[in-house]
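Here are my notes on this model, set out point by point. Please read them with the coordinates open.

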Amino acid sequence: MKYISKLLALFAIGMMATACSNDLNEVNLPLTVTVPTVSSVSGSSAIVTATATGSHITHRGVCYSTSPNPTVSDDKVYSNSKDMVLTIGGLAKSTTYYVRGFAQTSYDVAYSDEVSFTTTSSESADDDPQTEGPTALKRVSVHDPSVVWDPTTSSYYIFGSHRAAAKCNNMMSWETFTAPWATATSTNADNIDAFTTPQVTKVKKGGVEYDLNFNALAWSQRGSATYDINGNMWAPDVIYNKKMGKYCMYLSINGEGWYSSIIMLTADQITGPYRYQAPVVMSGFRAQSSYTATDASIVLGETMPDRYAPSDNYGNHWPNAIDPCVFYDENGKLWMTYGSWSGGIFMLELDEETGLRDYDVTYAESETSDPYFGKKIAGGYYSSGEASYIEYIGGYYFLFVTYGGLEAASGYQMRVFRSLNPDGPFVDSKGSSAVYDAYQLNFGPTENDGFRGVNIFGAYDDWGFQTVGDWGERAQGHNSIIAAQDGRTYLVYHTRFQNRGEGHEVRVHQVYQNEEGWLVAAPFEYTGEGVKSAGIAAAQKVPTADIPGAYKLLTHQYGLDHAAKEYAAPVDVTLNADGTISGDVTGTWTIKTGTSYITIKIGSEFKGVMVPQTLEPYDTKVPCFTALDSQTGVTIWGYKAPVE
């Protein structure tokens, strides 16, 4: 026994010595980063390859900038592997970038030598390979989904009301998560504690510092004696602020009687925890006592102007401070749109340094502008409209607004406007303004506003193999849209269904621009198709010989009777080889040589695109078209019926 004990002791000492020796060798292993190689350069992305080795590495990746010698303080993409193959996206066209690999420890950072590359003047027209396909679809329920791409994790994230959120790396395989709240004493705070104490309590206007200590929970509680914060955290929008080096969440804290606010929270990682920083805008002040509880006195002076008093019918003119959308324009200026029904959709310029309202920007007093609420860009006079979202796509700023009520039988529907400027004016394809000058009913069978806004699509059923029967889509809306780093544009929205109560799920469709620069949505969900946005104008994705055949044609008309759950249903047509259309609808079709632009004349002229798509949930690929009649705002979809 003693002999065995000695052996065990010697073995233990030997193991300790080996471990110490290994630790010593690891400590002495230097940080080494190879010179990156750059490939697959497009107008907005590039692939960078490098290797980073060494001891005790906490972060490795590549950093890049438009200035030489980028550091980890500049834009960067991380890698979990020493052999790094990283895609950097969101780049500007025709721009030279400098890139270095790096390896970082808790006490040091090593960089590779620098290389540079110049992005192309346009996106590549080449298709990517078809990825996973319909089997990759994983459904989630996120109401009011706002999409954001995170280069650090190479993933897409959607954030929605009531703390719903999901993520994936392919726009198909969503998985849910919850971003926690932070306070001074917790990294997982309860809802009732998260919005009471701002971290930022002073703001500047004209170089003068003002106190602003806003309890967002207490403000919303003014509207109801039984107020419950749960269920009133609405429609967050998340954006990465480069100057702050933070992920900024803009969140609506809704209250009855317009006692709402939009607040900003920040986090170091996109998944949180998010901590309340300060308010951006509030609504609902109609008396001096409530006025002085907001930042309105900083903007306007100590005395509340009479125009906000109840006698002036607050809701006809002023917004409810909900549904934020925050975006950078092409010049790097930061903006926020917000509002709902009531006085319409408004816009404010934000301070890029703080992410909050820019108090040095002033606004005129008129029917389309207010010194406190900012510039009106859509809606007004209680005409329906909420969920504004703006994205720059192909030379235009596109504004989405959802009209109608959100329930399955209440007419929720996305409408589209565009402008050459980030703050408008926004008009539809007929030239009609997004701003109302009087109340008009703008959805349903008695709509009387001239059918404003392009009807990108509405309620439909009996379409393909997925959207059939009780699974027919309706009440689609509160969308976001992203011109993504992979060269595609995605429309992300929630939908209810024909006969499934108020249950809802997220859907994603690819979106293209037609010859007139208007957006048209692919007729089926995105299931990994390889077609890029730039390829539509540069290549014919469906050969002319493959186009003729029997098709299903669906027309997205205005004026559906939503209370009766009316929906658009397809009819049968044939696209003949001689360019004629026969069947339930007659007309002609032409494809523009060398492009994917198609023109369909069936009483009126529809301009659109023709692409191959997969008929989910099966891996059946067929030619499809989507097109818009810009004179009416009506859109059509079609797909070639698969041969049985």
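1. In strand β5, Lys76 is the bridge partner of Cys63. This is a predicted model, and the points below should be read as such. Four bridges join β4 to β5 (residues 75–78), and the two strands run antiparallel.

2. β4 has a second partner to look at. Seven bridges tie β4 to strand β7 (residues 96–104), again in the antiparallel sense. Within that pairing, Gly61 sits opposite Phe102 of β7. How many of the seven residues of β4 are buried? Six of the seven, so the strand, which spans residues 59–65, is largely enclosed by the rest of the structure.

3. Strand β23 (residues 345–349) is mostly covered, with five of its five residues buried. In a regular strand, side chains alternate between the two faces of the sheet. Both faces of β23 are covered. Ile345, Met347 and Glu349 are buried on one side, and Phe346 and Leu348 are buried on the other. Note that Glu349 is in the buried set.

4. Now the partners of β23. Strand β22 (residues 334–339) pairs with β23 over five bridges, antiparallel. Here Tyr338 has Phe346 of β23 as its bridge partner. β23 also pairs with strand β25 (residues 374–378), antiparallel, over three bridges. In that pairing Phe346 stands opposite Lys376 of β25. Phe346 is thus bridged to Tyr338 and to Lys376.

5. The turn deserves a check. The hairpin of β22 and β23 has five residues between the strands. Trp341, in this hairpin, takes a positive phi near 40°.

6. Ile158 belongs to strand β11 (residues 155–159). Is Ile158 buried or exposed? Its relative accessible area is 0%, so Ile158 is buried, the cut-off being under 20%. Leaving out residues up to four places away in sequence, Ile158 touches Val140, Val142, Pro145, Ser146, Val147, Ala164, Ala165, Ala166, Trp174, Val492 and Val506. One of these contacts, Val147, is 11 residues apart from Ile158 along the chain, with a C-alpha separation of 4.4 Å.

7. On cavities, the count is six of 30 Å³ or more. The largest holds about 90 Å³ of space. Its lining consists of Phe159, Gly160, His162, Arg163, Ala164, Ala165, Ala179, Trp181, Met233, Pro236, Met249 and Leu251. Which elements give two or more residues to this lining? They are β17 (233–241) and β18 (246–253). Ala164 and Ala165 line the cavity and also touch Ile158.

8. Cysteines next. A disulfide is a covalent bond between the sulfur atoms of two cysteines. The count of disulfides in the model is zero. Cys325 is in no disulfide, and the nearest cysteine sulfur, that of Cys248, is 14 Å away. The cut-off for a disulfide is 2.5 Å, so Cys325 and Cys248 do not qualify. Cys325 counts as buried, at 0% relative accessibility. Cys624 is buried too, with a relative accessible area of 0%.

9. One sheet is open. Its three strands are in the order β26-β27-β28, with antiparallel pairing. Which strands stand at the edges? They are β26 (386–393) and β28 (413–419); each has a single partner strand, so one side of each is left without a neighbour in the sheet. From one strand to the next, the twist averages 20°. β26 is joined to β27 (residues 396–403) by six bridges. Ile393 stands opposite Tyr396 of β27.

10. Another sheet closes into a barrel. Eight strands run β33-β34-β35-β36-β37-β38-β39-β40, paired antiparallel. Neighbouring strands of this sheet are turned by 30° against each other on average, direction ignored. Strand β33 (residues 549–556) and strand β40 (residues 634–640) run antiparallel and are joined by six bridges. Leu553 faces its opposite number, Gly638, in β40.

How values were computed
Residues are numbered from 1 along each chain as its sequence is written. This is a predicted model: local features need pLDDT of at least 70, side-chain atom pairs count only at pLDDT 80 or more; totals for chains, interfaces and linings use all residues. Side-chain values use heavy atoms; hydrogens and water are left out. Two strands pair if DSSP finds at least two bridges between them. Axes are lines fitted to C-alpha atoms, for helices over the stretch in contact, and angles run from 0 to 180 degrees between N-to-C directions. Buried means under 20% relative accessible area, exposed over 50%, partly exposed in between (1.4 Å probe, protein chains only). Contact means heavy atoms within 4.5 Å. On a 1 Å grid over the protein atoms alone, a cavity is a set of points where a 1.4 Å probe fits but cannot get out, and a pocket is an open set with protein on both sides within 12 Å along at least five of seven lines; lining residues have an atom within 4 Å of a point. Grid points are joined across faces, edges and corners, and a volume is the space filled by probe spheres set on the points.
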